[in-house]
Amino acid sequence: MARKVVLITGASSGVGLALCKRLLEEDNGLHLCLACRNMSKADAVRTALLASYPTAEVTTVQVDVSNLPSVFQASKELKQRFPRLDYVYLNAGIMPNPQLNIKALFSGLFSRKVIHMFSTAEGLLTQDDKVTADGLQEVFETNVFGHFILIQELEPLLCHSDSPSRLIWTSSRNAKKSNFSLEDFQHSKGQEPYSSSKYAIDLLSLALNRNCNQQGLYSSVLCPGTMLTNLTYGILPPFIWTLLMPFILLVWLFHQKPESLDPLAKYLSSTTGFGRNYVMTQKMDLDEDTAEKFYQKLLELEKHIRVTIHKTDDQS
């Protein structure tokens, strides 16, 4: 029996690394492909995983989702290696230079919204964004568009009606409709590009289900919960995060039949006060018309990018 193939972006640290370990605990017969920007870290993770799970198959591929030529190259390699992908965890992401809004923090501490504030970071964080070599906003390209291009390129490995493939996006409770605009979907004019990008992910997942379910491709979004990663270390000291929230990781979606999942729901990893982990669902603040319009804008941007890259290749 062929191994199930699981591709995970951002697999060398944080959520991605913990996810690799948890998936192999569930099924050490998987083939994990670690899609990482830093190959020395990826190779070290691969060695460690194989030491703990020697019957698994673990490979690596270099990809930087904030660099489209890197995405195209990785996609080409993956299509040469695999006839299909069963699961793709679209996990890589950035929150550049998060700035803590001290006024909002102290205001929230003495309000009824304190738990909501710390579980979503709503209103607490602003970020400085920049433009990449591809001419796109860095947070948008890294968190959303690089992954979108990866999916488009890997379509031959994903759309199999006889055995569905799964896309699982790492979203956030901080995905807020108020921080997203179709007219500025890269969030070049705002101060909360991370929240905007996560809401864009939610919209894109909904649109992908509308357009791709019949071809055998299903998409879901999850929020793994607040945890200590490179993102949160830069906001508050680790001991404070430890007091605020426990470490939780969600692999529940791995075991669910895709047809049974609600495309309008976000699956959240949570815990009780006594430390029992559980999964809860949250209806996303989405509408299908906005999701479809955003999807079409991404397709238009993809067409423009491909023309630009083709011209650049011809000139070189």
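User: Before we start, what makes something a salt bridge?

Analyst: A salt bridge is a side-chain nitrogen of Lys or Arg within 4 Å of a carboxyl oxygen of Asp or Glu. Keep in mind that this is a predicted model.

User: Thanks! Why are R306 and E302 called a salt bridge?

Analyst: Their side chains meet at 2.9 Å, N to O. The cut-off is 4 Å, so the pair qualifies as a salt bridge. Both residues lie in helix α11, 4 residues apart, about one turn of the helix.

User: What makes E302 buried and R306 partly exposed?

Analyst: Buried means under 20% relative accessible area, and exposed means over 50%. E302 has 8%, so it counts as buried. R306 has 31%, which falls in between, so it is partly exposed.

User: Which other salt bridge does R306 form, and where does its partner sit?

Analyst: R306 also meets the side chain of E153, at 2.6 Å, N to O. This pair links distant parts of the chain, with E153 in helix α6, R306 in helix α11, and their positions 153 residues apart. E153 has a relative accessible area of 15%, under the 20% limit, so E153 is buried. Through shared partners, salt bridges join K79, E153, E302 and R306 into one network.

User: How do you know that R22 and E25 still count as a salt bridge at 3.9 Å?

Analyst: The limit is 4 Å, and 3.9 Å is within it, so R22 and E25 count. They are 3 residues apart in helix α1, which means that about one helical turn separates them. E25, at 54% relative accessibility, is over the 50% mark and therefore exposed. A search of the whole structure finds 9 salt bridges.

User: Why is helix α8 described as largely enclosed by the rest of the structure?

Analyst: Of its 20 residues, 18 are buried, so the description fits α8. The helix covers residues 193–212 and reaches 27 Å from its first C-alpha to its last, close to the 28 Å expected.

User: Which residues touch the most other members of the largest nonpolar core, and what does α8 add?

Analyst: That core has 53 residues, and L7, L85, F145, L167, W169, L204 and F294 touch the most other members. Helix α8 supplies the largest share of this core, 9 residues. A second, separate core of 21 residues includes V45, Y53, I168 and L222.

User: How much of the whole protein is buried?

Analyst: Buried residues make up 52% of the 316 residues in the protein.

Notes:
Residues are numbered from 1 along each chain as its sequence is written. This is a predicted model: local features need pLDDT of at least 70, side-chain atom pairs count only at pLDDT 80 or more; totals for chains, interfaces and linings use all residues. Side-chain values use heavy atoms; hydrogens and water are left out. Helices (H or I, at least four residues) and strands (E, at least two) are DSSP runs, numbered from the N terminus. The expected span of a helix is 1.5 Å times one less than its number of residues. Buried means under 20% relative accessible area, exposed over 50%, partly exposed in between (1.4 Å probe, protein chains only). A nonpolar core is a set of buried Ala, Val, Leu, Ile, Met, Phe, Trp, Tyr and Cys residues joined through side-chain atoms within 4.5 Å.
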